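The following account leads the reader through one protein structure, from its overall form to individual residues. Please keep the sequence and the three-dimensional view at hand while reading.

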Amino acid sequence: MEKLIAGYKKFRSEVYPEKQDLFQQLAQSQNPQALFLTCSDSRIVPDLVLQTGPGDLFHCRDVGNIVPPYGEMPGGVSATIEYAVSVLKVRHFIICGHSDCGAMKGLLNHRSLDSLPNAASWLRFSRPALETIEKTLGPEASYDQRLQTLIRANVVRQMEHARTHPSVAAALASGQLLLHGWTYDIPHGIVEAFHPESSQFLSLDQMPLPVHAK
Ligand SMILES: [Zn+2]
(Lines give C-alpha, C1' and ligand atoms only; values in the text may rest on other atoms or scores of the structure.)
Protein backbone atom coordinates (compact mmCIF):
# COMPACT_ATOMS: atom_id res chain seq x y z
CA MET A 1 0.00 0.00 0.00
CA GLU A 2 2.88 2.37 0.75
CA LYS A 3 3.93 2.21 -2.88
CA LEU A 4 0.41 3.23 -3.95
CA ILE A 5 0.19 6.17 -1.53
CA ALA A 6 3.66 7.36 -2.49
CA GLY A 7 2.62 7.16 -6.13
CA TYR A 8 -0.49 9.21 -5.45
CA LYS A 9 1.57 11.87 -3.68
CA LYS A 10 3.88 12.06 -6.67
CA PHE A 11 0.87 12.31 -8.99
CA ARG A 12 -0.53 15.23 -6.94
CA SER A 13 2.74 17.11 -6.68
CA GLU A 14 4.29 16.45 -10.11
CA VAL A 15 1.96 14.88 -12.68
CA TYR A 16 -1.32 16.64 -11.99
CA PRO A 17 0.10 20.19 -12.16
CA GLU A 18 1.74 19.33 -15.48
CA LYS A 19 -1.43 17.88 -17.00
CA GLN A 20 -3.95 20.14 -15.33
CA ASP A 21 -5.13 21.67 -18.61
CA LEU A 22 -5.81 18.24 -20.07
CA PHE A 23 -7.80 17.17 -17.01
CA GLN A 24 -9.87 20.37 -17.20
CA GLN A 25 -10.53 19.70 -20.87
CA LEU A 26 -11.67 16.16 -20.07
CA ALA A 27 -13.76 17.18 -17.08
CA GLN A 28 -17.09 17.18 -18.89
CA SER A 29 -16.70 14.76 -21.76
CA GLN A 30 -14.61 12.04 -23.34
CA ASN A 31 -13.97 11.07 -26.92
CA PRO A 32 -11.75 7.98 -26.81
CA GLN A 33 -10.62 6.62 -30.15
CA ALA A 34 -10.67 2.97 -29.16
CA LEU A 35 -12.22 0.40 -26.88
CA PHE A 36 -9.33 -1.65 -25.51
CA LEU A 37 -10.36 -5.01 -24.08
CA THR A 38 -7.59 -7.00 -22.50
CA CYS A 39 -6.85 -9.42 -19.68
CA SER A 40 -6.83 -8.22 -16.07
CA ASP A 41 -3.20 -9.34 -15.81
CA SER A 42 -1.11 -6.75 -13.93
CA ARG A 43 1.73 -6.94 -16.45
CA ILE A 44 -0.28 -5.35 -19.25
CA VAL A 45 -0.29 -1.55 -19.10
CA PRO A 46 -1.90 -0.40 -22.36
CA ASP A 47 -1.18 3.28 -21.78
CA LEU A 48 2.51 2.45 -21.39
CA VAL A 49 2.74 0.18 -24.43
CA LEU A 50 0.76 2.52 -26.71
CA GLN A 51 1.96 5.74 -25.11
CA THR A 52 -1.61 6.90 -24.63
CA GLY A 53 -3.03 8.93 -21.78
CA PRO A 54 -6.23 10.10 -20.15
CA GLY A 55 -9.12 10.19 -22.61
CA ASP A 56 -7.49 8.10 -25.33
CA LEU A 57 -8.70 4.56 -24.58
CA PHE A 58 -11.95 3.21 -23.15
CA HIS A 59 -10.89 0.19 -21.12
CA CYS A 60 -12.52 -3.15 -20.46
CA ARG A 61 -10.59 -5.84 -18.59
CA ASP A 62 -11.45 -9.35 -17.55
CA VAL A 63 -9.76 -12.67 -16.95
CA GLY A 64 -8.72 -14.08 -20.33
CA ASN A 65 -9.79 -11.03 -22.42
CA ILE A 66 -13.09 -12.78 -23.06
CA VAL A 67 -16.15 -11.38 -24.84
CA PRO A 68 -19.20 -13.53 -24.05
CA PRO A 69 -21.38 -14.03 -27.14
CA TYR A 70 -24.34 -11.66 -27.18
CA GLY A 71 -27.26 -12.80 -25.05
CA GLU A 72 -25.40 -15.56 -23.21
CA MET A 73 -24.28 -13.46 -20.30
CA PRO A 74 -25.59 -9.90 -19.99
CA GLY A 75 -23.03 -8.27 -17.75
CA GLY A 76 -20.23 -5.77 -17.44
CA VAL A 77 -18.41 -6.70 -20.62
CA SER A 78 -21.54 -6.50 -22.79
CA ALA A 79 -22.56 -3.19 -21.20
CA THR A 80 -19.09 -1.71 -21.70
CA ILE A 81 -19.04 -2.70 -25.37
CA GLU A 82 -22.54 -1.33 -25.95
CA TYR A 83 -21.71 2.02 -24.33
CA ALA A 84 -18.34 2.40 -26.07
CA VAL A 85 -19.68 1.55 -29.52
CA SER A 86 -23.20 3.04 -29.45
CA VAL A 87 -22.71 6.11 -27.25
CA LEU A 88 -19.02 7.03 -27.45
CA LYS A 89 -18.84 5.80 -31.05
CA VAL A 90 -15.28 4.53 -30.78
CA ARG A 91 -13.59 3.94 -34.15
CA HIS A 92 -11.61 0.88 -33.09
CA PHE A 93 -12.31 -2.14 -30.91
CA ILE A 94 -9.10 -3.91 -29.91
CA ILE A 95 -9.15 -7.31 -28.20
CA CYS A 96 -5.71 -8.03 -26.79
CA GLY A 97 -4.40 -11.31 -25.39
CA HIS A 98 -0.95 -11.79 -23.91
CA SER A 99 1.90 -14.22 -23.29
CA ASP A 100 1.90 -16.38 -20.14
CA CYS A 101 -1.86 -15.79 -19.65
CA GLY A 102 -3.01 -17.52 -16.46
CA ALA A 103 -6.51 -17.98 -17.86
CA MET A 104 -5.23 -19.79 -20.96
CA LYS A 105 -2.89 -21.89 -18.81
CA GLY A 106 -5.93 -22.80 -16.70
CA LEU A 107 -7.76 -23.94 -19.82
CA LEU A 108 -4.84 -26.17 -20.77
CA ASN A 109 -4.67 -27.59 -17.26
CA HIS A 110 -8.28 -28.24 -16.17
CA ARG A 111 -7.30 -29.51 -12.74
CA SER A 112 -6.02 -26.07 -11.77
CA LEU A 113 -9.61 -24.79 -12.11
CA ASP A 114 -11.11 -27.35 -9.73
CA SER A 115 -11.18 -24.91 -6.83
CA LEU A 116 -12.12 -21.90 -8.98
CA PRO A 117 -15.75 -22.44 -10.02
CA ASN A 118 -16.26 -18.87 -11.23
CA ALA A 119 -13.13 -18.87 -13.37
CA ALA A 120 -13.99 -22.33 -14.72
CA SER A 121 -17.46 -21.15 -15.72
CA TRP A 122 -16.17 -17.90 -17.26
CA LEU A 123 -13.56 -19.76 -19.30
CA ARG A 124 -16.25 -21.78 -21.09
CA PHE A 125 -16.30 -18.86 -23.55
CA SER A 126 -12.72 -19.78 -24.52
CA ARG A 127 -13.27 -23.52 -24.74
CA PRO A 128 -14.06 -23.47 -28.49
CA ALA A 129 -10.60 -21.97 -29.05
CA LEU A 130 -9.07 -24.85 -27.11
CA GLU A 131 -11.04 -27.37 -29.20
CA THR A 132 -9.82 -25.67 -32.39
CA ILE A 133 -6.15 -25.87 -31.45
CA GLU A 134 -6.46 -29.45 -30.25
CA LYS A 135 -7.74 -30.39 -33.71
CA THR A 136 -4.96 -28.56 -35.55
CA LEU A 137 -1.94 -29.30 -33.34
CA GLY A 138 -0.60 -32.82 -33.26
CA PRO A 139 0.03 -34.75 -30.03
CA GLU A 140 3.74 -33.98 -30.37
CA ALA A 141 3.13 -30.24 -29.84
CA SER A 142 4.90 -28.92 -26.75
CA TYR A 143 3.11 -27.18 -23.89
CA ASP A 144 4.60 -23.81 -24.92
CA GLN A 145 3.46 -24.32 -28.49
CA ARG A 146 -0.05 -25.20 -27.35
CA LEU A 147 -0.19 -22.22 -25.00
CA GLN A 148 1.00 -19.74 -27.61
CA THR A 149 -1.41 -21.12 -30.20
CA LEU A 150 -4.28 -21.04 -27.71
CA ILE A 151 -3.59 -17.42 -26.75
CA ARG A 152 -3.92 -16.42 -30.41
CA ALA A 153 -6.89 -18.67 -31.16
CA ASN A 154 -8.67 -17.24 -28.13
CA VAL A 155 -8.26 -13.69 -29.45
CA VAL A 156 -9.72 -14.74 -32.82
CA ARG A 157 -12.59 -16.52 -31.09
CA GLN A 158 -13.38 -13.47 -28.95
CA MET A 159 -13.41 -11.32 -32.11
CA GLU A 160 -16.10 -13.66 -33.46
CA HIS A 161 -18.07 -13.28 -30.22
CA ALA A 162 -17.73 -9.50 -30.45
CA ARG A 163 -19.41 -9.55 -33.87
CA THR A 164 -22.51 -11.17 -32.33
CA HIS A 165 -23.20 -8.00 -30.34
CA PRO A 166 -25.75 -5.93 -32.29
CA SER A 167 -23.99 -2.64 -31.51
CA VAL A 168 -20.72 -4.01 -32.90
CA ALA A 169 -22.34 -5.66 -35.93
CA ALA A 170 -24.14 -2.43 -36.87
CA ALA A 171 -21.04 -0.26 -36.39
CA LEU A 172 -18.90 -2.66 -38.44
CA ALA A 173 -21.52 -2.72 -41.21
CA SER A 174 -21.77 1.08 -41.36
CA GLY A 175 -17.99 1.54 -41.40
CA GLN A 176 -17.89 3.37 -38.06
CA LEU A 177 -15.89 0.64 -36.38
CA LEU A 178 -12.91 -1.59 -37.09
CA LEU A 179 -12.25 -4.72 -35.05
CA HIS A 180 -8.69 -5.76 -34.18
CA GLY A 181 -7.13 -8.79 -32.51
CA TRP A 182 -3.76 -8.30 -30.84
CA THR A 183 -1.39 -10.21 -28.61
CA TYR A 184 1.20 -8.68 -26.30
CA ASP A 185 4.47 -10.46 -25.62
CA ILE A 186 5.45 -9.47 -22.07
CA PRO A 187 9.21 -10.28 -22.03
CA HIS A 188 9.89 -8.70 -25.45
CA GLY A 189 7.39 -5.81 -25.34
CA ILE A 190 6.09 -6.76 -28.79
CA VAL A 191 2.52 -6.44 -30.05
CA GLU A 192 1.32 -8.65 -32.89
CA ALA A 193 -1.94 -8.14 -34.77
CA PHE A 194 -4.24 -10.63 -36.45
CA HIS A 195 -4.04 -10.28 -40.22
CA PRO A 196 -7.37 -11.66 -41.53
CA GLU A 197 -6.18 -12.17 -45.13
CA SER A 198 -3.42 -14.57 -44.05
CA SER A 199 -5.04 -15.70 -40.76
CA GLN A 200 -1.68 -14.98 -39.12
CA PHE A 201 -0.44 -12.67 -36.40
CA LEU A 202 2.05 -10.12 -37.71
CA SER A 203 4.12 -7.52 -35.94
CA LEU A 204 1.88 -4.48 -35.37
CA ASP A 205 4.35 -2.04 -36.91
CA GLN A 206 4.39 -4.08 -40.13
CA MET A 207 0.62 -4.12 -40.52
CA PRO A 208 -0.96 -1.77 -43.07
CA LEU A 209 -2.78 1.07 -41.32
CA PRO A 210 -6.46 0.13 -41.02
CA VAL A 211 -8.85 2.23 -43.09
CA HIS A 212 -12.49 2.91 -42.30
CA ALA A 213 -15.08 2.44 -45.02
CA LYS A 214 -16.18 6.00 -44.32
ZN1 LIG B 1 -4.27 -13.20 -18.96
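The paragraphs below treat the overall fold, then the metal site, and then a selection of residues.

The model is predicted. Its secondary structure comprises eight helices and six strands. Along the sequence these elements are arranged in the pattern α-β-α-β-α-β-α-α-α-α-α-β-β-β. Helices and strands thus alternate at the start of this pattern, and three strands stand at its end.

How does the radius of gyration of the protein agree with that of a compact globule? For 214 residues, a compact globule would have a value near 17 Å, and the protein has 18 Å, so the two agree. Along the principal axes, the C-alpha atoms fill a box of roughly 60 × 50 × 35 Å. Of the 214 residues, 39% are buried. The exposed surface of the protein amounts to about 12,400 Å², with carbon and sulfur atoms supplying 54% of it. When contacts between residues at least 6 apart in sequence are considered, 64% of them join residues at least 24 apart. The protein carries 19 positive and 21 negative charges, and the mean positions of the two sets are 4 Å apart.

Attention may now turn to the metal. Which protein atoms serve as donors of the zinc ion? They are SG of Cys39, NE2 of His98 and SG of Cys101, at distances of 2.0 to 2.3 Å from the ion. Along the chain, the donors follow the spacing C-x58-H-x2-C. Histidine 98 and cysteine 101 are both buried.

Aspartate 100 belongs to the loop between strand E3 (92-98) and helix H4 (102-108). Its relative accessibility is 34%, and aspartate 100 therefore counts as partly exposed. The backbone of aspartate 100 is notable for a positive phi of about 55 degrees, although the residue is not a glycine. Most residues other than glycine have a negative phi. Serine 199 likewise has a positive phi of about 55 degrees without being a glycine. Serine 199 is located in the loop between strand E5 (190-195) and strand E6 (200-203). Because its relative accessibility is 53%, serine 199 counts as exposed.

Strand E6 contains glutamine 200. With a relative accessibility of 46%, glutamine 200 counts as partly exposed. Apart from neighbours within four places in sequence, glutamine 200 is in contact with Ala193, Phe194 and His195. Glutamine 200 can also be placed relative to arginine 152: the two are 48 residues apart in sequence, and their C-alpha atoms are 9.1 Å apart in space.

Helix H7 spans residues 143-163, and several of its residues may be examined in turn. Alanine 153 is located in this helix. Beyond residues up to four places away in sequence, alanine 153 touches Ala129 and Ile133. The C-alpha atoms of alanine 153 and glycine 55 are separated by 30 Å, with their positions 98 residues apart along the chain.

Glutamine 158 also lies in helix H7. Is glutamine 158 buried or exposed? Its relative accessible area is 0%, so glutamine 158 is buried. Setting aside neighbours within four places in sequence, glutamine 158 is in contact with Asn65, Ile66 and Val67, as well as with Ile95, Phe125 and Ser126. Of these partners, Ile95 falls within the residue range of strand E3 (92-98).

Arginine 163 is a further residue of helix H7. At 42% relative accessibility, arginine 163 counts as partly exposed, whereas glutamine 158 is buried. Arginine 163 touches Val168, Ala169, Leu172 and Leu179, not counting residues up to four places away in sequence. From C-alpha to C-alpha, arginine 163 is 11 Å from isoleucine 81, and the two are 82 residues apart in sequence.

One residue of helix H5 (residues 117-122) completes the survey, namely alanine 119. Its relative accessibility is 25%, so alanine 119 counts as partly exposed. A distance of 9.5 Å separates the C-alpha atoms of alanine 119 and glycine 64, which are 55 residues apart along the chain.

Notes: Residues numbered from 1 in each chain as written. Predicted model: local features only at pLDDT ≥ 70, side-chain atom pairs only at ≥ 80, totals over all residues. Heavy atoms only, no water. Donors = N, O, S within 2.8 Å, 3.2 Å for Na, K, Ca; no water. Buried < 20%, exposed > 50% of the residue type's maximum accessible area, 1.4 Å probe, protein only. Helix = DSSP H or I, 4+ residues; strand = E, 2+ residues; numbered from the N terminus. Rg over C-alpha atoms; globule rule 2.2 N^0.38 Å. Contact = heavy atoms within 4.5 Å. Areas by Shrake-Rupley, 256 points an atom, 1.4 Å probe, with all protein chains shown as cover. Lys, Arg positive; Asp, Glu negative; His and termini not counted. Charge placed at Lys NZ, Arg CZ, Asp CG, Glu CD.
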